[in-house]
Amino acid sequence: MPAGLYPSKGHHMVLPTLPDVDRIKQRIQAPDYRDWRKKVEDVYGCLHPVRLSGSWQITDKTTGHVLTRPDGRPAETSGHILSPCGNRRESVCPACSDRYAADAFQLMRAGLSGGSKGVPVTVSDKPRLFVTLTAPSFGPVHNRRTKNGKVLPCRCGRYHHEHDPLIGQPIDPDGYDYTGHVLWQAHSGKLWNRFTQKLRRHLARAAGLTVRDFTDHARLSYAKVAEFQRRGIIHFHAVIRLDGPDGAIDATPAWGTVDLLSDAVRAAHADTAVTSPKFNGQALTFAWGEQVDIRPIRPAEARRFEDEHGTISDDRISSYVAKYATKGTGKSEAADRPIRSRTVIELLRTTEHHKQIMRTAWDLGAPIVCPDCHPHGEHQAGGCPCNTIGHCGTCDNGGWIPGPLDELNLRRWTHMLAFRGHFLSKSRAYSTTFKQLREDRQIWRFEQNLAELGVEADTVAVVNHWDMTSVGHRTDEERELAAAIAERTRQARKHRYATERKD
């Protein structure tokens, strides 16, 4: 062997020192960096972009030739492009989450102030409420209460800092009602639907109408946002508006006032309840928590955010409400992706309280042994009745059947702490839709391309064919650079909106 290849006896091998390479700097200096950055900027810095391979062309419908831009470049693209992942969770993709929140802001604001997205400005003169519906208590938790600006002690006797990780955790975990917590959460969407039904009934009764005739005189429009609290339970924030029978474009009937709408909300809140499927021989009844916050949104006469009389201008309150309501689109203490086994729960980086919520949801959603194959419960090794059955029509010899709570799909929604609804939902007539906002952006881009080419839409044909090749960035350096692009894009948008507000 050549000398020096192995260390001599009693000595340690000295490995060569690797150069200290700045991999981000190396990526920035790469020949393809500008092209890559342009593609990432087009998807606003998405952290998990979908890589597509294919081509796009704008051709003359008569000749079939590719059109040419004023600078001589053909109106076509081929090769690889990036498409945003579209995940609304901030912990998964800040860029796509920010875009979702921005669309949610526009959707909420259009239904409050009008004047955009096909909603007339007259909606600002209609009876409107900002309502917060809370969950009941399933056991005392650590909290940070304040009164007149002074921090009060928690029930545990301590004073908690606002960022104390104990806030929201049960004071007595053994006494906390995790079953009630999970099942209330699973029924929260149904509870909201029942609430809107009750609200229409109370409005009709107050107006001297039957429920059937109510739709001929008025329409209830709303946008609802779900927000996770620190204790892992959902609260609903909703903008509720009373329209005429044709929605936002129709005037509210004369009897429709803010006071009447507020009274109807209080009555519906107290009157709403849903019942769970039977399990363990019983069914639970769920209602809202005692706390309900009802804030009238005043008409648009005020010119300032808040004057000496406490009146809030419609334009400012619409911005505030929309920004506050879209908090629910961000990160929660739940998992980012569906849970596939109970073991996965133990590996999550979250609190023991949130793990116990997920364990409870997973266990409640479990299948049960087939009663025909196993009349005495679990499978008995060596002498189980299932061994004497040729074929079981109940379980098809699988040995298991869906549990009594199977309709709630608790295992599917364990990662969401059993919440099965959408973070933002609305009635049809409230304002525009997320789909319409996306289509509007596509149409705007298409019209920009046509304007640049100087042609009309009916004279061209668009060839657009792409196949997915991969998902995500190729290296950690690209991912880190994409995150920086996403943050810069977000700050630029916030600055632009702030400037527009001053104008």
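This short talk walks through a pocket, a buried arginine and an exposed glycine in a predicted model.

Hi everyone, thanks for coming. Let's begin with the pocket. The largest one in this model has a volume of about 1,600 Å³. Its lining is made up of 33 residues, and those lying nearest the centre are D42, V43, L82, P84 and R445. Several elements give two or more residues to that lining: the helices α2 (33-42), α3 (94-113) and α11 (434-453), along with the strands β2 (76-83) and β14 (460-471). Which of them gives the most? That would be α11, with 9 residues. If you sort the lining by class, you get 14 nonpolar, 8 polar and 11 charged residues.

Now for the arginine. R51 sits in strand β1, which covers residues 50-60. Is R51 buried or exposed? It is buried, and yet R51 has no salt bridge. The nearest side chain of opposite charge belongs to E478, and that is 4.7 Å away; the cut-off for a salt bridge is 4 Å. As for its surroundings, setting aside residues up to four places away in sequence, R51 touches H80, I81, L82, D467, M468, T469, S470, G472 and R474. Keep an eye on L82 in that list, as L82 is also one of the residues nearest the pocket centre.

Last stop, the glycine. G115 is in the loop between α3 and β3 (128-133). Why does G115 count as exposed? Because its relative accessibility is 56%, and the exposed class begins over 50%. Leaving out neighbours within four places in sequence, G115 is in contact with P120 and V121.

That's my tour, thank you!

Conventions
Residues are numbered from 1 along each chain as its sequence is written. This is a predicted model: local features need pLDDT of at least 70, side-chain atom pairs count only at pLDDT 80 or more; totals for chains, interfaces and linings use all residues. Side-chain values use heavy atoms; hydrogens and water are left out. Helices (H or I, at least four residues) and strands (E, at least two) are DSSP runs, numbered from the N terminus. Buried means under 20% relative accessible area, exposed over 50%, partly exposed in between (1.4 Å probe, protein chains only). Lys and Arg count as positive and Asp and Glu as negative; His and the chain ends are not counted. Contact means heavy atoms within 4.5 Å. On a 1 Å grid over the protein atoms alone, a cavity is a set of points where a 1.4 Å probe fits but cannot get out, and a pocket is an open set with protein on both sides within 12 Å along at least five of seven lines; lining residues have an atom within 4 Å of a point. Grid points are joined across faces, edges and corners, and a volume is the space filled by probe spheres set on the points. Ala, Val, Leu, Ile, Met, Phe, Trp, Tyr, Cys and Pro count as nonpolar, Asp, Glu, Lys and Arg as charged, and the others, Gly among them, as polar.
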